[in-house]
Amino acid sequence: MTHQSAGKSPLAWLGGKKKLADEIIRRMPDDHQAYCEVFAGAAWVLFKKPESKVEIINDINRDLVTLYRCVKHHLEELCKQFKWMLVARDEFDRFLATPAETLTDIQRAARFYYLAKTSFGARISKPTFGIAATGPSRLNLLRIEEDLSEAHLRLSRVYIENRPYDQVIDRFDKPGTLFYLDPPYWGCEDDYGKHLFSRDDFARLAAQLEGLKGRFILSLNDRPEVREVFANFHIDSVRTRYTVSAKSNQEVGEVLITNFKPRLKGL
Ligand SMILES: C[S@@+](CC[C@H](N)C(=O)[O-])C[C@H]1O[C@@H](n2cnc3c(N)ncnc32)[C@H](O)[C@@H]1O
């Protein structure tokens with residue numbers, strides 16, 4: 001890994017690793033060629049980690065990937081979409097009622113960004129307008145260009161994929177590849193939409209990782225079933241707090257599973 005990064009993601013995301021990112025990054029071996037984030041979501045680890053020679057992020061969510069592609073390739077046009085917009089329930093409802101398939105990629109990215117930033121708890125499967133007397137909206141329309149410019153620079157050399165996890169692992173697996181995998185938690189398989197990831201996918205993923213040529217770091221909630229499915233790998237326990245969830249701020253146990261023994265770097 002070369003340049004320092006320690007940036008931030010433009011999104012809050014259910015299961016986002018804002019708080020756990022440093023623990024994950026300090027386990028990354030320096031001598032990898034390519035870094036591949038298979039279940040990217042808000043990609044907190046990518047945005048915080050130093051740059052690797054080759055970087056790939058992937059997610060099955062087409063709206064999310066369209067946003068990353070537009071931030072990377074069409075930043076100015078994307079920012080223009082927010083001119084004259086307001087943070088208001090009417091605007092939220094209008095976006096929610098507009099089918100994404102009827103929009104251009106730039107409109108689709110703007111719709112998704114608006115909904116993700118203004119919905120309660122960043123719940124993408126059933127978004128509701130988030131409003132609270134305790135703080136301002138997470139969408140600051142006066143700072144959109146500033147917020148997205150940072151992401152634009154970080155994404156400028158990152159490949160962005162939109163495929164199921166198993167295809168991405170197959171496609172990029174080489175001895176020099178380091179994968180970071182952050183699938184839906186055990187017990188929360190449908191959190192990002194139905195039929196994207198099932199309980200059986202944990203065993204399927206474990207079997208695929210058994211044959212991996214590269215190295216991987218996988219994060220999951222600390223459950224006996226998780227420890228059983230991934231028993232053939234090295235497992236570290238870590239404590240974290242969720243940033244976006246009903247259980248916000250409560251300390252929870254997570255596991256970091258690897259196919260190598262990590263040498264921890266200082267925080
Ligand atoms: C726990 S979140 C990742 C959070 C991320 N690490 C962050 O910091 O925001 C899991 C992600 O996996 C994606 N996903 C679910 N099923 C998938 C599949 N079969 N293939 C690829 N991605 C999938 C979801 O869309 C979701 O964004």
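## Exercises on a predicted model

In this predicted model, the side chains of E91 and R94 are joined by a polar contact of 2.8 Å.

**Exercise 1.** Locate E91 and decide whether E91 is buried or exposed.

*Solution.* Begin with the secondary structure: E91 belongs to helix 5, which covers residues 89-97. Next, consider the accessible area. E91 has a relative value of 15%, and buried means under 20%; therefore E91 is classed as buried. Finally, look for partners outside the neighbours within four places in sequence: E91 is in contact with M85, L86 and Y114.

**Exercise 2.** Determine which residues come nearest to the ligand and which polar atoms of the protein lie close to its nitrogen atoms.

*Solution.* First, list the surroundings. The ligand has 21 residues around it, of which K17, A42, D59, D182 and L196 come nearest. By class, this shell holds 13 nonpolar, four polar and four charged residues.

Second, take the polar atoms in turn. D182 places a polar side-chain atom 2.6 Å from a nitrogen atom of the ligand. For L196, a polar backbone atom is 2.9 Å from a ligand nitrogen. I60 likewise has a polar backbone atom, 3.4 Å from a nitrogen atom of the ligand.

Third, assess the coverage: on its own the ligand has 610 Å² of accessible area, and the protein covers 99% of it.

**Exercise 3.** State how the chain is assigned to domains and what distance separates their centres.

*Solution.* The assignment gives domain 1 as 21-60 + 165-258, and domain 2 as 70-154. Taken over C-alpha atoms, the centres of domain 1 and domain 2 are 27 Å apart.

Definitions and conventions. Residues are numbered from 1 along each chain as its sequence is written. This is a predicted model: local features need pLDDT of at least 70, side-chain atom pairs count only at pLDDT 80 or more; totals for chains, interfaces and linings use all residues. Side-chain values use heavy atoms; hydrogens and water are left out. A residue is near a molecule or strand if one of its heavy atoms lies within 4 Å of it. A polar contact is a pair of N or O atoms within 3.5 Å; within protein, one must be able to donate a hydrogen and the other to accept it, and residues adjacent in sequence count only if both atoms are side-chain atoms. Accessible areas come from the Shrake-Rupley method with a 1.4 Å probe; for residues, only the protein chains shown count as cover. Ala, Val, Leu, Ile, Met, Phe, Trp, Tyr, Cys and Pro count as nonpolar, Asp, Glu, Lys and Arg as charged, and the others, Gly among them, as polar. Domain bounds come from an automatic or database domain assignment. Helices (H or I, at least four residues) and strands (E, at least two) are DSSP runs, numbered from the N terminus. Buried means under 20% relative accessible area, exposed over 50%, partly exposed in between (1.4 Å probe, protein chains only). Contact means heavy atoms within 4.5 Å.
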